[in-house]
Amino acid sequence: IFSDLFLFSPPPCFIGPSFWFYRRFVFYRLWGKQGRKGSAPPMMMLFRKRKAPDAGGAALSGWEEIPGPHPHRSGHQALLLNGGNAMVVFGGRNEDEKLSSDLHLFDFETGKWEVLPAESPPQGMEGHVMLQWGSTLVVVGGMCRRLHFSPSTFNTHVLSYCLTAHRWSRLLSMDLQGEMHRFCPAAVLHEDAIYLFGGMITTDDGELGVCNSLCSFDLVARQWRTYPAATVGCREVTPRFKAGAVCVRKCMYVYGGYGNDQNELDNSRPEFFLDEILEYSFTSSLWRLVQQKGVERPLGRSRFSHALVRGLYVLLTGGMVKHDRRMGDTWVYDLMRRRWTLLRVPDLPALSAASLAYDGLTTHVLYGGSDDTHGLGGRATSRMFRLNYGSPPSLQELVAVHAVTSGIV
């Protein structure tokens, strides 16, 4: 464009033979090979294909298995403590298919497990939520009897464990009612409140069902708050459970899950595994369907493992997809570019209901889960893996490199 302006509208000083010299000079400088050694012509720089940033030798080497022995566990919750040097695990079922009520601590430096002392431990449970609030672990939701889904088996208390005093207590002494009974909800912690979305609940007629509503528990005031059913525009959001959620600034993002509008959960169907991403704004209290760009994306799944990486990416692995098949792939979702990227690393064992503990920076540990050896319910496993990559910027560079090599950019 610039060259055409100069070629056909020369300054008045260029008349006669001087015009042809000026025209040749401008064309050569803009489109020719003039410039510093190794640099492209100025106009060609505008059309140069964008290159991926160099990972600088800090490429992801994959999942590294941490040698055991480790306890068998599935349907549990795990959190990293002490800057990622230790991991605490609560709940889930063991190799005897019994629900655990002990609080286990794994030291990564010594490679040893220990049972933390506890006064008045709660019942064993699975499908619950465990989040860290200061020096306190908060547990809510879940089932207290294995494979016995009934209103009487829900965990009806909000429990807390003090890491300094080693004591269990109830943050809410009264039993919860109705929508507060939740099995496998999506949960986040935001400004001293726990938000639960979806999950299996007890309906008004005493039956089990799956919901699409949001509720929150204020940890300071110790009060529950309910919200209306989630809607995007004029359409209600599909009820679901076994989904995952992360909190980024003033928004909550919910991915996947298992459910349908008719609440038919007796038979498993491929379309029941959801792959949409929902965004909930804590300031406007509005839901929005998030666009997922590109062709490459994970299959809709439930009971997967996920973690937020530095507020920019969501790491996702494992889970159960259509035809009740477990997966071992690893994906990263870029919250800014709205794109999925499949990490080109060796797959993990096909697992569901595993727990991905993380410190938000460079440490991600996947522990336990169910495999396919015992049908749909699976069998609790004892394997533990750590995701290896270098300094904090390395994962961002790695995602960009994989995006280019996968043909996404």
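Ala, Val, Leu, Ile, Met, Phe, Trp, Tyr, Cys and Pro are counted here as nonpolar, Asp, Glu, Lys and Arg as charged, and the others, Gly among them, as polar. The model is predicted, with local features needing pLDDT of at least 70 and side-chain atom pairs counting only at pLDDT 80 or more, while totals for chains, interfaces and linings use all residues. Residues are numbered from 1 along each chain as its sequence is written, and side-chain values use heavy atoms, with hydrogens and water left out.

A cavity is a set of points, on a 1 Å grid over the protein atoms alone, where a 1.4 Å probe fits but cannot get out, and its lining residues have an atom within 4 Å of a point. Grid points are joined across faces, edges and corners, and a volume is the space filled by probe spheres set on the points. Two cavities of 30 Å³ or more are counted.

The largest cavity holds about 100 Å³ of space, and its lining has 10 nonpolar, two polar and no charged residues, including Phe304, His306 and Trp340. Strand S18 (244–248; strands are DSSP runs of E, at least two residues, numbered from the N terminus) gives the most to this lining, with three residues.

The second largest cavity holds about 60 Å³; of the 15 residues that line this cavity, the closest to its centre are Ser305, Thr317, Gly318, Leu351 and Leu366. Its lining has eight nonpolar, six polar and one charged residues.

S18 also belongs to an open sheet of four strands in the order S18-S19-S20-S21, with antiparallel pairing, where two strands pair if DSSP finds at least two bridges between them. The edge strands are S18 and S21 (287–290), each pairing on one side only.

Key: On a 1 Å grid over the protein atoms alone, a cavity is a set of points where a 1.4 Å probe fits but cannot get out, and a pocket is an open set with protein on both sides within 12 Å along at least five of seven lines; lining residues have an atom within 4 Å of a point.
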